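Visitor: I would like a close look at one part of this model, taken slowly and with the cut-offs behind each term. Please begin with the strands of one sheet and then follow the chain on either side of them.

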Amino acid sequence: MLRGALSAQGPNDAFPITAPALPVTLPDEWADSRPGFRGSLWYRVRFKAPQALPGDMPALWIERVCSNVEVHLNGRLLMRGGRMQTPLTNNCNHPQLVPLPEALLLPGENMLDLRVAGHDIAGSGSRLRAGALSELRIGPQSVLEAHHARAMALQVHAPQAASAVLLLTGSFMFVLGYLHRRDSHLAYFGALCVGWALLNTRLWLREAPLGHSETEFIIVALLGFTSWAAVQFLLRYGGLRLRLVDRALPVQAALLALTLLAAGTTRLHAVATVWYGVLALQVAAAALWHVRRRRHTRSVWLMAPLLAVAALAGVIEFGVQWAGWPIEAAHTAELVVPLVLALVGLRLMQQHGHALQLAEQGKQQLEQRVREATAEIERNFRQLAELKVEQITEKERKRIAADLHDDLGAKLLTIVHTSDSERISTLAREALEEMRLSVRGLTGKAVRLADALGDWRAEVIGRLGQAGIDGEWDAPEDLPQRLSARAYVQTTRILREATSNVIKHSGATRCTVTAQIADGDLQIVVTDNGDGISAEVEGRLDRGHGLASMKGRAKQLQGQCLVESSPGYGTVIRLTVPLDRAIEPSGGEPGGR
């Protein structure tokens, strides 16, 4: 092991004999010994020829050189690692193994000259990319080849493989999250994986097409994008979506790039160091919040250890950058984060597949139960039509409603409260509400009009509020009339469809619902300030049983549903239900349906 050398600055063809030479101790990190130096620096080492082994030859192993090196033995050029002029070949992660021909070795003392070309720490985003030369080792080539192979596997091949896996996984997850907007955390996780893979592009492109300053700017700016994706993934995966965060993180990424441009090459490292601290604190805060939010779920038993391992890797990186820890530790830490991301990606894909499977099973079970219930209702109605016994009809309807409520309702409610998937819980909750509405229709129990208006108000205003739309409700109170179950169910579904159209298609920020009794009719008007309904959108809504369904239900009640709209001027939906067919002055249900 060679730990001492003479260093000097001079011409590029040979060691400058006339220039003052200073003794240095290897490894020599320019960030510590020459913070402002960049360019070429010569190192001279004297050694005695090693004892040759039969069938083997001596070799020089350079564990780390940054950014490139050429080797001279006794005044003869042996090896050049690539381009020695700007833009330099990037060999910071690539150890060098140089055979020493026996024909050039002298029996006594030999002279090894190394010309190292590197960059100053001020213009580099990391000290790992500033100029440096490690200790030198001379020995049998067969022995040093094993060290070289291990170093190449740890520092080059393994990170390259991890980057390729992250790039493929991230692209798949991003597309999956983009197609399923409710699972937006998948898109952010995909962006995180792709961003991390791009950070290691320098391992593949040793001959970079851009200069050192441009490359460093891109790497540091890409860290802003990667931390943006990491924070959003942790928040969204924990079930939190904040508009302030959604707007602030892109602004922060742009601000990072602007400050780097303003700093220039002479202060890039200083500015980057500040941003490293800011970004690290943000990701750490999001990780702690995520673990605390999901501490009662099963997934925390995987996420908490993985986040702890990633945090340990960050501490190691900090120690290497600013506390003088061995650089070899950074290579290990660089492998930890891709491994953590790969494990989290596998877990997310497993959860997504399980959620889709449960949703499909729930859908099939619900469809089967509906088909069974429908078939049973049809059989019962045929029997009741033959027997003409109204009491039996009422009894059977109540029994079926009770079965649906007690059996299917209980299962759906269990799914709502036990599922870890927000999507499955939402689907189950929607199915539960639809089932309850159907049960109310089956029981045939009349509803006080005042209670019906209260139910409609709570549902419509609540849904509008969740969608970020201001809602207003104007209706009279303490109405004595009662609404038949059939009229209540049909009117509820019309209002639900109208509200869904406002939320999904209108682009409105405000919606007003007015209810009144006029001219012997119940009149409900839904008005929004959205984009209106174009001919193309109206056709699509009709095909999707939207507007056509609303009009059909109103017609069944001997009423009407009118839609008034013009592109850019909002939409008005007017629902009219005749009182003599839908409302009773007392508690009984109309005789005919």
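Guide: What follows goes through one sheet, the loops beside it, and then a second set of strands.

This is a predicted model, in which local features need pLDDT of at least 70 and side-chain atom pairs count only at pLDDT 80 or more, whereas totals for chains, interfaces and linings use all residues. Residues are numbered from 1 along each chain as its sequence is written, and side-chain values use heavy atoms, with hydrogens and water left out.

The sheet is an open one of 3 strands, in the order β9-β5-β12 and with antiparallel pairing; the strand names come from DSSP runs numbered from the N terminus (E for a strand, at least two residues; H or I for a helix, at least four), and two strands pair if DSSP finds at least two bridges between them. β9 (96–99) and β12 stand at the edges, and because each has a single partner strand, one side of each is left without a neighbour in the sheet. From one strand to the next, the twist averages 25°, where angles run from 0 to 180 degrees between the N-to-C directions of axes, which are lines fitted to C-alpha atoms (for helices, over the stretch in contact).

Strand β5 covers residues 58–62, and 4 bridges join it to β9 in the antiparallel sense. Along this pairing, I62 has Q96 as its bridge partner in β9, and L60 has V98. Towards β12, the antiparallel pairing of β5 runs over 5 bridges, and here L60 stands opposite I138. L60 therefore has a place in the account of both pairings, with V98 in β9 and I138 in β12.

How many residues of β5 are buried? With buried meaning under 20% relative accessible area, exposed over 50%, and partly exposed in between (1.4 Å probe, protein chains only), 5 of the 5 residues of β5 are buried, so the strand is largely enclosed by the rest of the structure. The side chains divide between two directions: P58, L60 and I62 point one way from β5, while A59 and W61 point the other way, and all are buried. Helix α2 (residues 141–179) lies across β5, β9 and β12, and runs at about 130° to β12.

The loop between β4 (39–48) and β5 holds G55, which counts as exposed because its relative accessible area is 90%. The C-alpha atoms of G55 and S142 are separated by 9.7 Å, although the two residues are 87 residues apart along the chain.

A second loop, between β11 (132–133) and β12 (136–140), contains S134. S134 counts as buried because its relative accessibility is 9%. Its side chain reaches the backbone nitrogen of E63 at 3.3 Å, within the limit for a polar contact, which is a pair of N or O atoms within 3.5 Å (within protein, one must be able to donate a hydrogen and the other to accept it, and residues adjacent in sequence count only if both atoms are side-chain atoms). Leaving aside residues up to four places away in sequence, S134 touches L26, P27, I62, E63 and R64, contact meaning heavy atoms within 4.5 Å. I62, one of these contacts of S134, is also the residue whose bridge partner in β9 is Q96.

Further along the chain is strand β19 (residues 571–578), which is mostly covered, with 7 of its 8 residues buried. β19 pairs with strand β17 (residues 521–528) in the antiparallel sense over 8 bridges, and in this pairing V526 stands opposite I573. β19 also pairs with strand β18 (residues 560–565), again in the antiparallel sense, over 6 bridges, with S565 opposite T571. β18 and β19 form a hairpin that has 5 residues between the strands, and within it G568 takes a positive phi near 95°.

To return to the sheet, its order is β9-β5-β12, with β9 and β12 at the edges and α2 lying across the three strands β5, β9 and β12.
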